[in-house]
Each structure stands twice: as C-alpha cells, then as structure tokens.
Amino acid sequence: MAEQDWQEWEGRVPGDLRTDVAHPARMYDYYLGGKDNFPADREAAEAVIQAYPASRVTALANRAFLGRAVRHVAGELGIRQFLDVGTGIPTQGNTNEVAHEVAPDARVLYVDNDPIVLSHARALLAHADEGQRTQVMLGDLRDPAAITAEARKLLDFDRPVALMLVAILHFVRDEEEPAEIVRALLDPLPSGSALILTHATSDYASREAVAMGKDVYNRATAPFLPRDRQAVEAFFAGTEPVEPGLVQAPWWRPDGEVPKGSEVISLYGGVGVKR
C-alpha cells in the first residue's frame with residue numbers, strides 16, 4: 001500500500017488494526033496484482049504461491065467467474081440486488097462494476113470484516129457511485145443474523161437477491177457449520193433469488209500443496225479449508241443449479257475457449273436459484 005494512501009486512511013480505521021498479520025482479502029489483492037496489501041500479506045501470499053504455483057491463475061479465474069456469474073444473474077435472471085459477503089478489496093471487475101454494466105439500477109451491498117477493505121471501498125465508491133447504488137458494511141460471515149438485519153435496511157427482501165459467497169467459505173471451519181451459515185443467509189431471501197459461490201478444493205492439488213497452504217493461512221487471520229465436490233455441492237441445498245452446475249471455475253459458462261492449464265485450478269464455481 002502506498003504511504004500516501006495509508007495517510008489518507010489513517011484515523012478512519014480502528015487504531016488496533018493488525019497490519020503485521022496476513023489477511024486473506026489483502027493476500028487475494030496481492031495475487032491479483034493489487035497494491036493494497038502489507039509486507040505480512042505479501043510474505044504469506046508468496047509462501048502460498050511457492051506451495052501452489054497456480055495461486056495467481058486461480059485468483060484470476062475466480063475474478064473472471066464472478067464477472068460471468070454476475071452478468072448472467074443480472075442479465076438472464078433479471079436480479080437487481082446483490083449481497084456480496086466477503087467482498088475483499090475492490091478492484092477492476094468488482095460486483096458493482098459488472099452489475100451496473102448490465103443493469104444501471106442494480107443495488108449492491110458489500111460486506112467484509114476487514115476495516116481496510118471498508119475504507120478503501122468507501123473511498124472508491126464516493127467517486128464512482130454518486131447515485132449510492134452501492135453500499136459497504138462491516139460484518140462477519142460467521143454472524144449471518146447481523147448481516148441479514150443490516151441488509152434489510154438497504155435491500156428489498158420481497159424481491160430476488162443474489163447472495164454472493166465468492167472464495168469465502170473455505171475460511172470457515174467445519175465446527176462453525178458453514179452450511180448452516182449459508183442457509184441462514186438464504187432462508188430470508190424470496191424464491192427466485194440466486195446463490196453465487198466459489199470454493200477452494202483439494203481435488204486438483206497435491207496433498208503437499210494443500211498442507212502448506214493450510215499452514216500459511218493458519219498463521220494469518222483465518223484458517224484455510226479446501227473441500228471436495230460433495231461438500232461444496234451441499235452448500236447449494238434448496239436451489240436449482242444453473243447449467244453447467246458445479247464445475248471448476250473456468251468451465252462455468254466460459255466466454256470463449258478455456259485457457260490452457262486451467263485443469264490445475266483447484267476452485268469450484270456454481271450458481272443456484274432458490275426454489
């Protein structure tokens with residue numbers, strides 16, 4: 001992060017912000033080539049890249065999936081409300097940017113638990129979204145009731161909402177019951193709402209790479225728990241899959257030919273429509 005940028009943000013984030021401990025959102029920013037990260041984030045991300053060289057390609061595939069899924073949901077399904085939980089640091093091709101290209105009247109609510117993400121997002125949106133179609137709130141995925149209560153103030157839960165859980169659930173431990181968290185967020189949404197989800201998997205990576213990746217994230221602010229296809233599919237309970245269903249992210253409705261080397265990308269992606 002540039003020194004000038006940090007000086008601009010100073011005083012707008014909590015004084016106890018731990019920039020010396022790696023955070024998944026800032027590590028993801030580094031994978032994407034962003035500059036809104038700290039030495040601890042870069043060091044941890046490089047360790048993951050060493051263990052799993054496809055980390056950057058996977059992050060780019062995740063970002064590309066997000067764009068395709070949002071365009072489909074806004075264009076083909078006609079959904080005009082997006083609840084993006086665990087959004088990460090805004091960058092090119094973020095949810096609001098893609099949604100507003102398709103539907104200028106779409107409303108987007110971002111939720112993240114990193115104050116730096118919120119400060120950066122709010123500063124960006126102050127210039128890019130004068131119509132206030134996009135809002136940002138501090139919240140943690142592990143407290144879905146609080147997220148839902150706040151989201152009701154900004155979104156109309158009588159109309160379909162696209163719930164976005166993109167590259168976030170693999171940071172939730174099994175004992176925290178991630179499937180219950182998904183259900184708690186989906187249950188208040190009306191029929192016709194959509195679930196847009198990606199999740200890391202160990203199905204296409206070596207045991208050694210997975211073990212090393214887990215070790216790095218366990219020393220950061222969140223664990224890392226890749227899951228197999230069956231476990232990820234369970235998150236879509238109560239929804240009808242949009243073709244082609246749950247697949248490796250690059251194969252979900254690709255815009256053209258899938259890039260060579262994509263078979264090593266250990267990331268599932270899918271969209272489901274609530275019954």
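Two strands are said to pair if DSSP finds at least two bridges between them, and the views below, which come from a predicted model, begin with strands that do so.

**View 1. Strand β8 with its partners β6 and β7.** Strand β6, residues 239-241, pairs with β8 in the antiparallel sense, and three bridges connect them. Within this pairing, threonine 239 stands opposite lysine 274 of β8. Strand β7, made up of residues 247-248, is likewise antiparallel to β8, to which two bridges join it. Here valine 247 is the residue that stands opposite glycine 269 in β8.

**View 2. Strand β8 with its partner β5, and the surroundings of β8.** Strand β5, which spans residues 194-200, runs antiparallel to β8 and is joined to it by seven bridges. Threonine 198 has glycine 269 of β8 as its bridge partner, and glycine 269 is also the residue that valine 247 faces in View 1. Strand β8 itself covers residues 267-274, and because seven of its eight residues are buried, the strand is largely enclosed by the rest of the structure.

**View 3. The buried side of helix α8.** Helix α8 extends over residues 178-186, and its buried residues include Pro178, Ile181 and Val182, together with Leu185 and Leu186. These five residues cover an arc of only 130 degrees around the axis, so they lie on the same side of α8. An α-helix has 3.6 residues a turn, which means that residues three or four places apart point the same way. The buried residues of α8 pack against helix α7 (144-151) and strand β4 (162-166), as well as against β5, β6 and β8.

**View 4. Helix α2 and its enclosure.** All eight of the eight residues of α2 are buried, and the helix is therefore largely enclosed by the rest of the structure. These buried residues are Pro24, Ala25, Arg26 and Met27, followed by Tyr28, Asp29, Tyr30 and Tyr31. Just after α2, glycine 33 adopts a positive phi of about 90 degrees.

**View 5. The crossing of helices α2 and α4.** The axis of α2 (residues 24-31) and that of α4 (residues 55-75) come within 9 Å of each other and cross at roughly 100 degrees. Because angles of 65 to 115 degrees count as roughly perpendicular, α2 is roughly perpendicular to α4. On the α2 side the contact is made by Tyr28, Tyr30 and Tyr31, while α4 contributes Ser55, Arg56, Ala59, Asn62 and Arg63. Sorted by character, the residues of this contact between α2 and α4 comprise four nonpolar, two polar and two charged ones.

How values were computed:
Residues are numbered from 1 along each chain as its sequence is written. This is a predicted model: local features need pLDDT of at least 70, side-chain atom pairs count only at pLDDT 80 or more; totals for chains, interfaces and linings use all residues. Side-chain values use heavy atoms; hydrogens and water are left out. Axes are lines fitted to C-alpha atoms, for helices over the stretch in contact, and angles run from 0 to 180 degrees between N-to-C directions. Helices (H or I, at least four residues) and strands (E, at least two) are DSSP runs, numbered from the N terminus. Angles under 35 degrees count as roughly parallel, over 145 as roughly antiparallel, 65 to 115 as roughly perpendicular and the rest as oblique. Contact means heavy atoms within 4.5 Å. Ala, Val, Leu, Ile, Met, Phe, Trp, Tyr, Cys and Pro count as nonpolar, Asp, Glu, Lys and Arg as charged, and the others, Gly among them, as polar. Buried means under 20% relative accessible area, exposed over 50%, partly exposed in between (1.4 Å probe, protein chains only). The arc is that of the directions from the helix axis to the C-beta atoms.
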